[in-house]
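Open the model in your viewer and keep the selection panel ready. The tour goes from the inside to the surface.

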Amino acid sequence: MLKIEHLYKRFGSFCAVDDLNLHISKGEIFGFVGHNGAGKTTTMKITAGLLTATGGSIYIDGTDAFRDRKKIKRKIGYMPDFFGVYDNLKAIEYMEFYASMYGITGKKARETCMELMELVNLSDKANNYVDSLSRGMKQRLCLARSLVHNPELLILDEPASGLDPRARFEMKEILKNLGSMGKTIIISSHILPELADMCDTIGIMQKGKLIMHGTVEDIQMKAMHAKPLHVRVLDRQEDAVRILKEDPHTRRVSVREDYLVADYTGDDMDTAHLLQRLMAQDILIESYYKEKGNLESLFLELTSDDEGGEKS
């Protein structure tokens with residue numbers, strides 16, 4: 001459905017998207033994850049035709065997205081992270097207004113819009129003014145709006161941002177339902193576990209580059225190796241840090257008061273040998289423990305050098 005090849009986007013000397021290559025199959029739910037400034041939003045806006053690429057190509061269902069924008073426009077439904085609503089309109093009027101932009105009017109528009117509002121659990125709010133809706137309801141209304149022309153590809157930029165736990169759950173259930181209907185969906189977030197339970201595949205971006213891409217099962221398997229090791233030493237902290245860094249299984253060491261925290265990929269035997277080396281140097285170890293592998297630890301490990309920044 002979506003093929004991105006050697007995509008670049010520069011803003012002056014800053015490279016927001018750096019040689020991005022990505023293939024997403026029809027009916028797939030793909031999760032884009034990364035810190036603000038990683039390049040997720042820029043990539044999604046280029047795909048949706050809202051930004052011009054510096055270089056590269058994008059094909060949607062075999063159509064060149066840069067050469068045939070009119071055809072592509074009808075294939076894409078785009079939900080931005082920040083969106084405007086018309087507060088003086090009722091929810092159904094808001095929907096019909098957007099339907100008219102795609103030439104859908106009259107009875108057909110009313111039927112289509114009511115069906116979509118039922119899909120996002122807002123049919124009972126059709127005659128409520130938009131400004132009376134909660135944030136979660138407005139998010140769902142915007143999602144319904146992006147579906148009004150029955151697009152094949154949905155691009156959703158942080159659709160669960162700012163929602164309370166219940167509204168977040170409702171949004172996830174709606175997206176899963178859309179996936180079961182055969183829609184190809186791209187969802188972005190800066191929280192990896194949030195995407196893991198609704199996506200088929202996940203891509204992690206850092207500083208404009210796609211640094212990991214795979215199925216949820218692949219990502220979860222890699223998470224099992226992201227196990228921070230916590231060591232509390234009572235003296236000679238600098239020597240302990242040096243020994244930890246010298247170990248081939250250590251990727252990064254940080255100091256948290258009297259604890260040393262290492263991103264450690266070794267097994268139990270490797271950990272035992274590491275502790276033995278510390279004690280051989282007469283370094284007093286008060287305690288140690290290794291965290292269980294999880295997706296959040298993997299994300300932090302992979303993006304540890306990301307300095308963050310403004311959303312791009």
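Select Leu143. Leaving aside neighbours within four places in sequence, Leu143 is in contact (heavy atoms within 4.5 Å) with Met79, Val120, Leu156, Met171, Ile174, Leu175 and Leu178.

This is a predicted model: local features need pLDDT of at least 70, side-chain atom pairs count only at pLDDT 80 or more, and totals for chains, interfaces and linings use all residues. Residues are numbered from 1 along each chain as its sequence is written, and side-chain values use heavy atoms, without hydrogens and water.

Next, widen to the largest nonpolar core. Such a core is a set of buried Ala, Val, Leu, Ile, Met, Phe, Trp, Tyr and Cys residues joined through side-chain atoms within 4.5 Å. Buried means under 20% relative accessible area, exposed over 50% (1.4 Å probe, protein chains only). This core has 47 residues; Leu141, Leu143, Leu178, Ile187 and Ile202 have the most contacts inside it. Helix α3 gives the largest share, 6 residues. A second, separate core of 24 residues includes Leu2, Leu22, Phe30 and Met205.

Now select 237–246, helix α9 (helices are DSSP runs of H or I, at least four residues; strands of E, at least two; both numbered from the N terminus). Its buried residues are Ala240, Val241, Ile243 and Leu244. They fall within an arc of 165° seen down the axis, so they line one face of the helix; the arc is that of the directions from the helix axis to the C-beta atoms. Glu238, Lys245 and Glu246 are exposed on the face turned away from the buried side.

Finish on Ser57, in strand β4 (residues 55–60). Ser57 is buried, at 16% relative accessible area. Beyond four places in sequence, Ser57 is in contact with Lys3, Ile4, Glu5 and Phe66.
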